[in-house]
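Open the model in your viewer and keep the sequence panel beside it. The stops below give a selection and then say what is found there.

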Amino acid sequence: MGTRKPADEPVRLSRQDARRIAVGAQLLDEPRPTDLLDVVRRLSAVQVDLTAAVAPSADLVCWSRLGRSYRIGDLDDLFQERRVVELRGFLRPAEDIALHRAEMEAWPGPEPLVDWQMDVADWVSANDECRLDILDQLESEAPLSARQLPDSCVVPWRSTGWTNNKNTQRMLDFMESRGEVAVASRAGRERQWDLASRIYPDTRAVPAAEAEVERARRRLAALGIARAKAVETQAEPHDVGSVGVVAVVEGLRGQWQVDPEQLSQLGEPFRGRTVLLSPLDRLVFDRKRMTELFEFDYQLEMYKPAAKRRWGYWALPILHGDRLVGKLDATADLDGGVLRVDAVHEDEPFPAALRKAVDREISELASWLGLTVAR
């Protein structure tokens with residue numbers, strides 16, 4: 001259990017303490033949560049990814065917490081009711097938009113701007129007629145996909161990647177960050193856009209400095225334990241600044257920030273579960289944190305050539321208690337009615353009880369999808 005020190009010294013945690021804090025914060029211990037909206041609020045952000053080798057990631061994330069009480073479509077129902085909204089690729093509680101409004105109003109960021117922010121602002125300004133055309137068409141015809149909206153850009157978008165010349169989509173991305181448009185629905189894999197004023201709740205902006213601290217506090221509550229600083233990421237950071245309680249973890253360099261609520265529960269018995277996780281689950285998505293706390297070797301290999309994959313296209317990390325113990329290589333064959341299990345990769349040979357627990361979870365996953373298991 002964590003050792004408390006005087007206020008000017010960090011709390012000392014074993015690595016097991018740190019793992020259990022992370023697992024508990026992510027609602028992956030016992031007892032399971034029972035309310036979907038409460039889960040989204042607790043997690044603060046659920047990544048949208050439509051890769052469905054097994055099931056869409058957001059659905060897998062919810063199933064991992066709620067189990068068979070969660071049905072595919074429940075999350076979309078919350079979205080259609082506007083109790084959950086999408087912002088920059090993450091589903092968030094609708095009320096949390098108030099914590100992003102000041103950032104939207106200050107787009108592309110507070111002064112002084114860095115080079116990429118100035119470049120983006122210049123591009124949007126040069127194509128302001130296109131931005132206004134999009135707003136006009138959405139006003140009268142929304143929801144519409146990017147390909148249904150006009151591309152009246154006079155300066156094409158340039159990049160070294162897949163967004164090169166995707167003018168309308170890039171404009172929509174920036175308009176979303178500005179708080180002008182929002183995702184209203186999806187048709188297949190395409191986002192359908194509308195005016196943000198018709199999607200987001202009518203809430204006032206929380207002042208920028210206050211909102212930044214509150215977002216970090218909620219992020220830490222969702223993660224349980226995180227670094228004050230981490231590699232910068234888009235949309236949803238991994239770091240939490242100075243919120244929470246400072247801690248050091250046995251065997252790891254540097255300091256961590258810990259959620260006070262999770263820290264207070266370390267003295268209580270830990271009741272773990274065996275869980276199959278989405279590769280994009282927040283427990284494992286920060287790969288550096290995953291490696292440090294769980295000593296787990298894992299990469300998402302969907303972008304690798306098949307011959308170079310060790311674990312599979314969309315291998316699901318396997319959590320057992322407070323340890324990540326292996327990967328499930330499986331594919332949902334909806335037409336064939338089976339969950340095809342190609343391999344269960346055991347990081348260390350599974351004891352009989354663990355193998356039985358993993359098999360049970362695979363059967364639960366197949367049942368949830370309306371499939372039978374084929375090995």
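In which sense do strands β11 and β12 pair, and over how many bridges? Select residues 316–320 for β11 and residues 323–333 for β12. The two strands are antiparallel, and five bridges join them. Note before going on that this is a predicted model.

**Stop 1: around β12**

Within the β11–β12 pair, pick I318 and look across to G326 in β12, its bridge partner. Two residues separate the strands of this hairpin, and G321 there has a positive phi near 65°.

Now add residues 338–346, which are strand β13. β13 is also antiparallel to β12, with eight bridges between them. To see one opposed pair, select T331 and R340; the latter belongs to β13. The hairpin of β12 and β13 has four residues between its strands, and here G337 is the residue with a positive phi, near 75°.

Show the surroundings of β12 next. Is this strand largely enclosed or largely open? Eight of its eleven residues are buried, so the rest of the structure largely encloses β12.

**Stop 2: helix α12**

Select residues 287–294, helix α12. Which of its residues are buried? They are R289, M290, E292, L293 and F294. The elements that cover these buried residues include β12, already on screen, as well as α1 (15–25), α9 (208–223), α11 (282–285), β7 and β9 (256–258). Step just past the end of α12 to E295, where phi is positive at about 50°.

**Stop 3: the four-stranded sheet**

Two of those covering elements, β7 and β9, lead to the next selection. An open sheet of four strands has the order β1-β8-β9-β7, with mixed pairing. β1 (11–13) and β7 (225–226) are the edge strands; each has a single partner strand, so one side of each has no neighbour in the sheet.

For the β1 end, select residues 245–249, strand β8. β1 and β8 run parallel and are joined by three bridges. V11 has A247 in β8 as its bridge partner.

**Stop 4: the loop at L50**

Move to L50, in the loop between β2 (46–47) and α3 (57–66). This residue has a relative accessible area of 24%, so L50 counts as partly exposed. Which residues does L50 touch, leaving aside those up to four places away in sequence? The contacts are R186, G188 and R189. Set a distance label from L50 to R189: the two are 139 residues apart in sequence, but their C-alpha atoms are 6.9 Å apart.

**Stop 5: cysteines**

Show the cysteines as sticks. How many disulfides does the structure hold? The count is zero. Select C153 and C130: the closest cysteine sulfur to that of C153 is in C130, at 3.6 Å, which is too far for a bond. The cut-off for a disulfide is a sulfur pair within 2.5 Å. C153 is buried because its relative accessibility is 16%, and the limit for buried is under 20%. C62 is also buried, with 0% relative accessibility.

**Last stop: the whole chain**

Zoom out and colour the chain by domain. The domain assignment gives domain 1 as 96–198 and domain 2 as 274–373. Their C-alpha centres are 36 Å apart.

Technical notes:
Residues are numbered from 1 along each chain as its sequence is written. This is a predicted model: local features need pLDDT of at least 70, side-chain atom pairs count only at pLDDT 80 or more; totals for chains, interfaces and linings use all residues. Side-chain values use heavy atoms; hydrogens and water are left out. Buried means under 20% relative accessible area, exposed over 50%, partly exposed in between (1.4 Å probe, protein chains only). Two strands pair if DSSP finds at least two bridges between them. Contact means heavy atoms within 4.5 Å. Domain bounds come from an automatic or database domain assignment.
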